[in-house]
Amino acid sequence: MTEKARGTARRWCRFFFGIYLIALVYFLFFSEEWGRTVLTGTYRYNLVPFREIGRYLKYREQIGTGRVFLNLAGNVIGFIPFGGLLPALSNRRTSFFRVLLLSFEVSLFVEIAQLVLKVGSCDVDDILLNIFGSCIGYCLYRLVIRYLRRGIR
């Protein structure tokens, strides 16, 4: 890949990353359809790992498969672009560990903000699912890079 093509690809990645961050902030804090309005009753949060994941899986019949999928897979899918676009923004190679750490930091910030603002719900399981999604995104990024390098040779 030429230096000009790399620069163009990086600009497109910055553009898509910016759009992604705007959409992420909207869905995490402002979207009423996703239950992100300020609560007036008792605020609930979960600080026990795997408690909500287990509850969703155990009571999937009562909760509904769609809602279970939306919560669990939505947290994973929502962070795949983070893990895939983040290394594409850097001039040097971004390690798996760095993406893992950054996704943890962003997820932790989001959950703490939801706790303080009482918007959505603060759930440690969301952090775990978000990190998993970022890891998938990073692996997909590495696969694409490997494919592109093979195509060039």
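This is a tour of a predicted model, stop by stop, with what to select and what is found there.

**Whole chain**

Start with everything shown as a cartoon. The protein has 6 helices and 2 strands, and from the N terminus the elements follow the order α-β-α-α-α-α-β-α. Along its principal axes, the C-alpha trace spans about 60 × 30 × 25 Å. Of the 153 residues, 35% are buried. Among contacts between residues at least 6 apart in sequence, 75% join residues at least 24 apart.

Now switch to a surface view. The protein exposes about 10,400 Å², and carbon and sulfur atoms supply 66% of that area. Colouring by charge brings up 21 positive and 10 negative charges, whose mean positions are 14 Å apart.

**Helix 1: E3, R6 and R10**

Select residues 3–30, which make up helix 1. Show the side chains of E3 and R6. These two meet in a salt bridge, with 3.3 Å from N to O. Both residues lie in helix 1, 3 residues apart, or about one turn of the helix. R6 counts as partly exposed because its relative accessible area is 36%, while E3 counts as exposed because its value is 59%.

Next add R10, also in helix 1. Which side chain of opposite charge is nearest to R10, and how far away is it? The nearest is E3, at 5.2 Å; R10 is buried and has no salt bridge. A salt bridge needs a side-chain nitrogen of Lys or Arg within 4 Å of a carboxyl oxygen of Asp or Glu. To see what surrounds R10, select A88, L89, S90 and N91: these are its contacts once neighbours within four places in sequence are left aside.

**Strand 1 to helix 2: F50, E52 and R55**

Move to the loop between strand 1 (45–46) and helix 2 (51–58), where F50 is found. F50 has a positive phi of about 70°, although it is not a glycine. Its relative accessibility is 55%, so F50 counts as exposed.

Then select E52 and R55. Their side chains form a salt bridge, with 2.7 Å from N to O. The structure holds 2 salt bridges. E52 and R55 are separated by about one helical turn because they are 3 residues apart in helix 2. With 17% relative accessibility, E52 counts as buried, whereas R55, at 35%, is partly exposed.

**Helix 5: S103 and the nonpolar patch**

Select residues 96–117, which form helix 5. Is S103, one of the residues in this helix, buried or exposed? S103 counts as buried because its relative accessibility is 0%. Leaving aside neighbours within four places in sequence, S103 is in contact with F82, I131 and S134.

For the outside, select Y45, L47, F97, L101, F104, L108, I112, L115, V116 and L117. Together they make a nonpolar surface patch of about 970 Å². Helix 5 gives the most to this patch, with 8 residues. One of the patch residues, V116, is found in helix 5 and counts as exposed because its relative accessible area is 63%.

Continue to K118, in the loop between helix 5 and strand 2 (122–123). K118 has a positive phi of about 55° although it is not a glycine. Its relative accessible area is 44%, so K118 is partly exposed.

**Helix 6: I127 and the positive patch**

Select residues 124–152 for helix 6, and pick out I127, which lies in it. At 8% relative accessibility, I127 counts as buried. Which residues does I127 touch, not counting those up to four places away in sequence? They are F104, S107, L108 and E111. Of these, F104 and L108 also belong to the nonpolar patch. Add V76 as well: its C-alpha atom is 9.5 Å from that of I127, although the two residues are 51 apart along the chain.

Finish on the surface with R93, R146, R149 and R150, which form a positive patch. R149 lies in helix 6 and, at 48% relative accessibility, counts as partly exposed.

Technical notes: Residues are numbered from 1 along each chain as its sequence is written. This is a predicted model: local features need pLDDT of at least 70, side-chain atom pairs count only at pLDDT 80 or more; totals for chains, interfaces and linings use all residues. Side-chain values use heavy atoms; hydrogens and water are left out. Patches are made of residues with over 30% relative accessible area and no salt bridge: like charges are joined within 9 Å, nonpolar side chains (Val, Leu, Ile, Met, Phe, Trp, Tyr) within 5 Å. Accessible areas come from the Shrake-Rupley method with a 1.4 Å probe; for residues, only the protein chains shown count as cover. Lys and Arg count as positive and Asp and Glu as negative; His and the chain ends are not counted. The place of a charge is taken as NZ of Lys, CZ of Arg, CG of Asp or CD of Glu. Helices (H or I, at least four residues) and strands (E, at least two) are DSSP runs, numbered from the N terminus. Buried means under 20% relative accessible area, exposed over 50%, partly exposed in between (1.4 Å probe, protein chains only). Contact means heavy atoms within 4.5 Å.
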